[in-house]
Amino acid sequence: MLEDSVLYGVNKLMDEREDICKCNKCKFDIAAVALNSLPPKYVVTEAGGLYGRVKNLNYQFETDIIMVVAKAMDIVSKNPKHE
């Protein structure tokens, strides 16, 4: 459930930062680090997915995602795995 929100945050912050590598490998590494530091949110029904998306539409959720993505960017930029 969080993948879309995290990838949105990664893309948003990458556009704002010139010091971050923008290759797909780094992008997905940043997303993976961010997702691994967030509690999982699983849904198995369409109604559950809708409820989860509505619940995620708040400023605190967005702020938490941006903070986690920013930390992940710092981690990956210090130790990139791209070629």
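The exercises below work through the fold and the salt bridges of one predicted model.

Residues are numbered from 1 along each chain as its sequence is written. In this predicted model, local features need pLDDT of at least 70 and side-chain atom pairs count only at pLDDT 80 or more, while totals for chains, interfaces and linings use all residues; side-chain values use heavy atoms, with hydrogens and water left out.

**Exercise 1. Describe the secondary structure and the contacts of the chain.**

Step 1. Count the elements. The chain has four helices and zero strands. Helices (H or I, at least four residues) and strands (E, at least two) are DSSP runs, numbered from the N terminus.

Step 2. Read along the sequence. The pattern is α-α-α-α.

Step 3. Take the contacts (heavy atoms within 4.5 Å). Among those in the chain with a separation of 6 or more, 79% join residues 24 or more positions apart.

**Exercise 2. State how much of the chain is buried and what surface it exposes.**

Step 1. Apply the classes: buried means under 20% relative accessible area, exposed over 50%, partly exposed in between (1.4 Å probe, protein chains only). Of the 83 residues, 29% count as buried.

Step 2. Turn to the area. The chain exposes about 6,000 Å². Carbon and sulfur atoms supply 57% of that area. Accessible areas come from the Shrake-Rupley method with a 1.4 Å probe; for residues, only the protein chains shown count as cover.

**Exercise 3. Find the salt bridges of Arg17 and place the partners.**

Step 1. Set the criterion: a side-chain nitrogen of Lys or Arg within 4 Å of a carboxyl oxygen of Asp or Glu. Side chains of opposite charge can pair when their charged atoms come close. The whole structure holds three salt bridges.

Step 2. Pair Arg17 with Asp19. Their closest N and O atoms are 3.0 Å apart. Asp19 counts as exposed, because its relative accessibility is 55%.

Step 3. Pair Arg17 with Asp74. The N to O distance is 3.3 Å. This pair links distant parts of the chain, 57 residues apart. Arg17 sits in the loop between α1 (3–16) and α2 (24–36), and Asp74 in helix α4 (residues 59–78). Asp74 is at 33% relative accessibility, so it counts as partly exposed.

Step 4. Combine. Arg17, Asp19 and Asp74 are linked in a network of salt bridges.

**Exercise 4. Analyse the salt bridge between Lys25 and Asp29.**

Step 1. Read the distance. The closest N and O atoms are 3.4 Å apart.

Step 2. Check the spacing. Lys25 and Asp29 are separated by about one helical turn, because they lie four residues apart in helix α2.

Step 3. Compare the accessibilities. Lys25 is partly exposed at 43%, whereas Asp29 counts as buried at 17%.
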